[in-house]
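User: I have a model open and would like to go through it with you. Can we take it step by step?

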Amino acid sequence: MRSDTPDQPGTVAELGEFSLIQRLTGGRGQPPSTLLGPGDDAAIVVASDGRVVASTDVLVEGVHFRLDWSTPEQVGHKAVAVNLADVAAMGATPTAVLVGLACPPETTVELLDGITAGMWKEANRARAGVVGGDVVSSQNLVISITALGDLQGREPVTRSGALAGDVVAVCGRLGWSAAGLAVLGRGFRSPVTVVSAHRAPEPPYEAGAQASLGGATAMIDVSDGLLADLGHISAASGVAIDVRTDLLEVHQRLVDVGTALGADPRHWVLTGGEDHALAATFPGPSEVPEGWVTIGTVRRGEGVTVDGRPYEAPAGWQHWR
């Protein structure tokens, strides 16, 4: 039933806070890691390891998403995905998300139904629960997600463990979201596979634990761009990282889009953010797990280079610049 029918309120102001919470959370299933879901002052989530991995991201309409570019379901999907990717990047298994939602009173119930549906679907894909949160009135639509994860006895994989002699590998797509953003920015809506990569990223959640078990020495979620995020590993570990372009896959679809837009698809792969692939360092080629692709090496020194030389263009996204 549509939210603008006479039988139910059309806006959140008409529905009210507690009815909205019940609408967004009621009748949903939870994974075994959720011991107590929405409905109390706080949720209870399994932490069998004794340690909880936690991360928070905030998404603001007009900055992180546009409702003229994405459906509400895609916005909800993205909000969850970008947060759970950070949990996976620590080598943990996602367990739960908490949702903070701020919106104007005239926001339609139908819009929030769609955002919520996208959140639950993506959380289910990661085998995590949506266990609680808060809703408040605001002038702008803002979504804040806190993601939780369980290390399950594994040691966390931080940014600071890379060593000279390691190899660099990635798991997941690179450059697709940047290509999709470029397409949308030109006023187009196709090719759909590229545009969808920007609207609804698909992090390889299970690859984080896989990398940890494979002996990864450092790892990061590629959210701001491959070179920018490898720069965080370089700085935290006190090492130099060199990326080899002959090892980077540039999918033919990105080549086609780049040709159509007059852009270099390799630049998207090197610097494009929001694909939420995982990048990690491993002691050697034999330790790189199946499904990961080796793209470079770790050396003594500092900074990130491409084919042995500094990259001339900006390495990735930065806020306030």
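User: How many helices and strands does the chain have?
Analyst: The chain has 10 helices and 12 strands, taken as DSSP runs numbered from the N terminus (helices H or I, at least four residues; strands E, at least two). This is a predicted model, where local features need pLDDT of at least 70, side-chain atom pairs count only at pLDDT 80 or more, and totals for chains, interfaces and linings use all residues. Residues are numbered from 1 along each chain as its sequence is written, and side-chain values use heavy atoms, with hydrogens and water left out.

User: What share of the residues is buried?
Analyst: Of the 321 residues, 48% count as buried, meaning under 20% relative accessible area, with exposed over 50% and partly exposed in between (1.4 Å probe, protein chains only).

User: And which contacts join residues at least 24 apart, as a share?
Analyst: They make up 84% of the contacts between residues at least 6 apart in sequence; contact means heavy atoms within 4.5 Å.

User: Switching to Ser-177. Where is it, and is it buried or exposed?
Analyst: Ser-177 is in helix 5, residues 176-185. Ser-177 counts as buried because its relative accessibility is 1%.

User: What does Ser-177 touch further along the chain?
Analyst: Beyond its neighbours within four places in sequence, Ser-177 contacts Ala-197, His-198, Gly-273, Glu-274 and Asp-275. Its C-alpha atom is 6.9 Å from that of Gly-272, 95 residues away along the chain.

User: Glu-274 is on that list. What about its phi?
Analyst: Glu-274 has a positive phi of about 70°, though it is not a glycine. Most residues other than glycine have a negative phi. Glu-274 sits in the loop between helix 10 (265-271) and strand 10 (277-282), and is partly exposed at 22% relative accessible area.

User: Which peptide bond is cis?
Analyst: The one from Ser-190 to Pro-191, with omega near 5°. Pro-191 lies in the loop between helix 5 and helix 6 (192-199).

User: Now pockets. What is the volume of the second largest one?
Analyst: About 380 Å³. A pocket is an open set of points on a 1 Å grid over the protein atoms alone, where a 1.4 Å probe fits, with protein on both sides within 12 Å along at least five of seven lines; lining residues have an atom within 4 Å of a point. The volume is the space filled by probe spheres set on the points, which are joined across faces, edges and corners.

User: Which lining residues are closest to its centre?
Analyst: Of the 23 residues lining the second largest pocket, the closest are Ile-21, Thr-25, Gly-132, Gly-133 and Asp-134. Strand 5 gives the largest share of the lining, six residues.
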